[in-house]
Amino acid sequence: MQALTNRAKAVDRKPLSLIEKLYVWNIGKGMIITLGHFFKKKATISYPEEKRPFSPVFRGLHILNRDEEGRERCTACGLCALACPAEAITMEAAERLPGEENLYREEKYAAKYEINMLRCIFCGLCEEACPKDAVYLSETFAPSNYQRKGFIYGKQDLLIPSPKENPGEYQKAIGNRKAN
């Protein structure tokens, strides 16, 4: 039978020598590779003490943003929930009552806002869909948990601290983002 390509090579079937039978050469080559790895830089890091640098486009844990006066930016328009392909966001809207102008920016606000992190695929479409810049994905990991209910974050878990009440924590939560 004729070969389809000219890449076929004849295999040499000569008997192995004594050194080849003992695999001394192959063991020596493996030891050289192993010794070479001893002197290379380690690929692993000590996680809690050291943190690896992330890409500027890394998308982590969701954050609900506040404005400069500490009011919630979310107006419960529902565009983030509609844009989410995994349907991980649920919200319920409520009307602002008289006297709550210092809490909410608009007449309508999110009374209930939940994100199921088990369903979230960290695509960032919720961040892009939000017209008020109320939702963004931070540069932190979603922490691990042992129960499913620990992965459903409510509104209080997602809101950043108020800039008037706790400016240090607010700046830490904002990170490198511009507060506008």
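Two strands count as paired here if DSSP finds at least two bridges between them. With that in hand, let's walk through this predicted model, starting with its sheet.

The sheet is open and has three strands in the order 2-3-5, with antiparallel pairing. At its edges are strand 2, residues 89-95, and strand 5, residues 152-153, each of which pairs on one side only. Strand 3 covers residues 108-116, and seven bridges join strand 3 to strand 2 in the antiparallel sense. If you would like one bridge to find on your screen, try Thr 90, whose partner in strand 3 is Glu 114.

Strand 2 and strand 3 are also linked through their side chains. Lys 112 and Glu 92 meet in a salt bridge, at 3.9 Å from N to O. This pair connects distant parts of the chain, with Lys 112 in strand 3 and Glu 92 in strand 2, 20 residues apart. Are these two residues buried or exposed? Lys 112 has a relative accessibility of 32%, so Lys 112 counts as partly exposed. Glu 92 counts as partly exposed too, because its relative accessibility is 45%.

Move on to the loop between strand 2 and strand 3, and you will find another salt bridge. Here Glu 107 pairs with Arg 96, and their closest N and O atoms are 3.9 Å apart. Both partners sit in that loop, eleven residues apart. Arg 96 has 22% relative accessibility and therefore counts as partly exposed.

Now follow strand 3 to Asn 116, which lies within that strand. Why is Asn 116 called buried? Its relative accessible area is 18%, and buried means under 20%. A polar atom of the Asn 116 side chain lies 3.0 Å from the backbone nitrogen of Leu 118. Setting aside neighbours within four places in sequence, Asn 116 is in contact with Ala 88, Phe 151 and Ile 152. Of these, Ile 152 belongs to strand 5, the edge strand at 152-153.

The structure holds seven salt bridges, and the one between Glu 72 and Lys 155 deserves a visit of its own. The side chains of these residues come to 2.9 Å, N to O. Glu 72 is in the loop between strand 1 (62-64) and helix 3 (79-83), while Lys 155 is in helix 5 (residues 155-158), so this pair ties together parts that are 83 residues apart in sequence. Glu 72 and Lys 155 are both buried. Elsewhere, Asp 67, Glu 69 and Arg 71 are linked in a network of salt bridges.

For the last stop, turn from charges to nonpolar side chains. Which residues form the nonpolar patch on the surface? They are Leu 18, Ile 19, Leu 22, Val 24 and Trp 25, which together have about 590 Å² of accessible area. Helix 1 (18-22) and helix 2 (24-38) each supply at least two residues of the patch. The largest share, three residues, comes from helix 1. Leu 22 is found in helix 1, and its relative accessible area is 53%, so Leu 22 is exposed.

Definitions and conventions
Residues numbered from 1 in each chain as written. Predicted model: local features only at pLDDT ≥ 70, side-chain atom pairs only at ≥ 80, totals over all residues. Heavy atoms only, no water. Helix = DSSP H or I, 4+ residues; strand = E, 2+ residues; numbered from the N terminus. Patch = residues over 30% accessible without salt bridge, like charges linked within 9 Å, V, L, I, M, F, W, Y side chains within 5 Å. Areas by Shrake-Rupley, 256 points an atom, 1.4 Å probe, with all protein chains shown as cover. Salt bridge = Lys/Arg side-chain N within 4 Å of Asp/Glu carboxyl O. Buried < 20%, exposed > 50% of the residue type's maximum accessible area, 1.4 Å probe, protein only. Polar contact = N/O pair within 3.5 Å; in protein donor to acceptor, adjacent residues only side chain to side chain. Contact = heavy atoms within 4.5 Å.
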